[in-house]
Amino acid sequence: MFSKPILKQSIQANWKLWVIITLVASAILSVFIINYDAAGYASIATAAEGTAFSNILSSMTSLLGSLENFYKLIAVILGIVYVVFTANNLVVNEVDSGSMAYTLSTPIKRSSVIFTKSIYLILSIFLMYTIIASAGLSASQFQYNNVTGYPITDDIKAASEVLNHDERYISERLYLIQEDEQAMREAAAARDMDVEAYSIYLENTIHERSYEEAAEIITDERRDIYAEDENMEENAIEITAKELTENPAMILASNEALAAGASVQGISVNAYHQFVTDEIAELETEEEVQENSQPAVMVTEDNAELLLQTVIDSSAAALNVNSDQVNENLTLIKDSTALAASMDATGLDEEQIIAMANHAMVSSARSVDDALEFDTEAYFWLSFGLLLLILAMSSISFFAATLFNRTGKALAVGGGIPFAFFLITMIQQLMDSGEALEYFTITSLFDTDAILASGEFGWGLVALGAIALVLYTVANVIFTKKDLPL
């Protein structure tokens, strides 16, 4: 069935287009990743709310979210260009030009010819999108170190220069920044924070990472315990950092979890044991403290945003600057003049306003960290889903190339249908209520939103695979049995 001479001929006739598309797609994806601006895109997405572009820009508040548009639009159109021209060049162009007659005059069977050509197209697509996905992984790892480690942000870069250590080394040992005053100042400035706010941010980040490491250890231990229990689901076994925050006592039951958490904080296991014990005690007394401490004006989730904006506007007026300037540099809120104006405007006391400013700066920094996190599993499914989508598109083009004997008709059908699917996707992206359009395109089977949200997307990928399998099989049968104008 498989013919090496036909494969060699197919490679020689189509390698240039394959190389061009692969390099262009890899370069675009790498540039998207390297130039990603977490803070900037968050501002743009907020400004675009309520517009026709809100659907596109809202996803850009995370690195993988920004890649969603590459996977749904740019990579798809580049893939369509490749499969349409390659499918036609492999089959119908040879029939139309008469070169297929020469090929079939050799001892090679017609079934071997079409089977080998279909295998070439499938393998070339597989290799193309494997290289593109690898380029994205490499770019993200090179720029942010977020594939195999913690993201390297501006404060890490600044602190590493002061401490004369490798950036990756510092990113895994944030406690080293805490131990050096100059490193703290430089790192805080790099994140547009003062030392007070940055100290809170650093403490919270180290705390959370220690719980994340401990949660992984506890989860692995629970998997071993329930390995033979078929009734236990993975969700019931897995322990998250959030669960440990609510119930730190679980850490005390595992020596390995204590060691993992202590390593992140740069302290001994005994010291970390005491730290967790203190956390438990603090949780037990937290409600009582809140009940006994009732300020004149309470800051809640409902009014926090409004109060912060009032503080920003009041500070801007008091300092005679624009509100945007204060919003970009929240340390201005702590100026004595700004504090006095904010207290008059909101009824909050000085401590509350400073706490609010610190919280806003920490939240902004943490949002950048979250945006740069790299979910390898989600990235795999994005890449694999795209591969299946392009394979399904290629099966349409290949089917048309075997169905017709003229290049024009094959291009009209084999290129027109995939391109129409792409146009529908573009229109759907720009519409607030374009759900009905998803029934008119197979691109909806590649549900990037569900992949990024860890939702249900498997059946869509199975459907794409089935479309590709059926159409490639039918194309092979048609070409083998049809009459050719030889």
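**Buried positions, salt bridges and surface patches in a predicted model**

The buried residues of helix H16, which spans residues 255-265, are Ala-257, Leu-258, Ala-260, Gly-261, Ala-262, Val-264 and Gln-265. An α-helix has 3.6 residues a turn, so residues three or four places apart point the same way. Just after H16, Gly-266 adopts a positive phi of about 70°. The model described here is a predicted one.

Positive phi values were also found in residues other than glycine. Most residues other than glycine have a negative phi. Asp-192, although not a glycine, has a positive phi of about 55°. This residue is placed in the loop between H11 and H12, and Asp-192 counts as exposed because its relative accessibility is 51%, where the exposed class begins over 50%. Asn-320 likewise is a residue other than glycine with a positive phi, in this case near 60°. Asn-320 is found in the loop between helix H18 (304-319) and helix H19 (323-328). With a relative accessibility of 71%, Asn-320 counts as exposed.

The structure holds ten salt bridges. In one of them, the side chains of Lys-117 and Glu-94 meet at 3.1 Å, N to O. This pair links distant parts of the chain, since Lys-117 belongs to helix H7 and Glu-94 to helix H5 (residues 92-97), with their positions 23 residues apart in sequence. Both Lys-117 and Glu-94 are buried. For Glu-94, the assignment follows from a relative accessibility of 10%, because buried means under 20% relative accessible area. Leaving aside neighbours within four places in sequence, Glu-94 is in contact with Gln-9, Asn-89, Ser-99, Met-100, Thr-103 and Lys-117.

A salt bridge is also formed by the side chains of Asp-96 and Arg-406, at 2.7 Å, N to O. Asp-96 lies in helix H5 and Arg-406 in the loop between helix H22 (376-403) and helix H23 (407-430), so the pair ties together parts that are 310 residues apart in sequence. Asp-96 counts as partly exposed at 31% relative accessibility, and Arg-406 counts as partly exposed at 49%.

The side chains of Arg-191 and Asp-369 meet in a further salt bridge, at 3.2 Å, N to O. Because Arg-191 lies in the loop between helix H11 (181-190) and helix H12 (195-225) and Asp-369 in helix H21 (residues 350-372), this pair ties together parts that are 178 residues apart in sequence. Arg-191 and Asp-369 are both buried. Salt bridges that share partners join Asp-155, Arg-191 and Asp-369 into one network.

Two kinds of surface patch were identified. Asp-154, Asp-192, Asp-324 and Glu-328 form a negative surface patch. Within this patch, Asp-154 is found in helix H8 (residues 154-163) and is partly exposed, with a relative accessible area of 44%. Asp-192, another member of the patch, is the loop residue with the positive phi described above. A nonpolar patch on the surface is formed by Val-81, Phe-85 and Leu-411, which together have about 240 Å² of accessible area. Phe-85 of this patch is placed in helix H4 (residues 63-90).

The surroundings of two further helical residues were also examined. Gln-141 lies in helix H7 (residues 110-144), and at 14% relative accessibility Gln-141 counts as buried. Not counting residues up to four places away in sequence, Gln-141 touches Asn-146, Val-147, Thr-148 and Arg-168. Ile-28 is placed in helix H1 (residues 4-34) and is partly exposed, with a relative accessible area of 25%. When neighbours within four places in sequence are set aside, Ile-28 is in contact with Phe-70, Ile-74 and Leu-78. Ile-28 and Gly-136 are 108 residues apart in sequence, and their C-alpha atoms are 9.3 Å apart in space.

Methods. Residues are numbered from 1 along each chain as its sequence is written. This is a predicted model: local features need pLDDT of at least 70, side-chain atom pairs count only at pLDDT 80 or more; totals for chains, interfaces and linings use all residues. Side-chain values use heavy atoms; hydrogens and water are left out. Patches are made of residues with over 30% relative accessible area and no salt bridge: like charges are joined within 9 Å, nonpolar side chains (Val, Leu, Ile, Met, Phe, Trp, Tyr) within 5 Å. Accessible areas come from the Shrake-Rupley method with a 1.4 Å probe; for residues, only the protein chains shown count as cover. A salt bridge is a side-chain nitrogen of Lys or Arg within 4 Å of a carboxyl oxygen of Asp or Glu. Lys and Arg count as positive and Asp and Glu as negative; His and the chain ends are not counted. The place of a charge is taken as NZ of Lys, CZ of Arg, CG of Asp or CD of Glu. Helices (H or I, at least four residues) and strands (E, at least two) are DSSP runs, numbered from the N terminus. Buried means under 20% relative accessible area, exposed over 50%, partly exposed in between (1.4 Å probe, protein chains only). Contact means heavy atoms within 4.5 Å.
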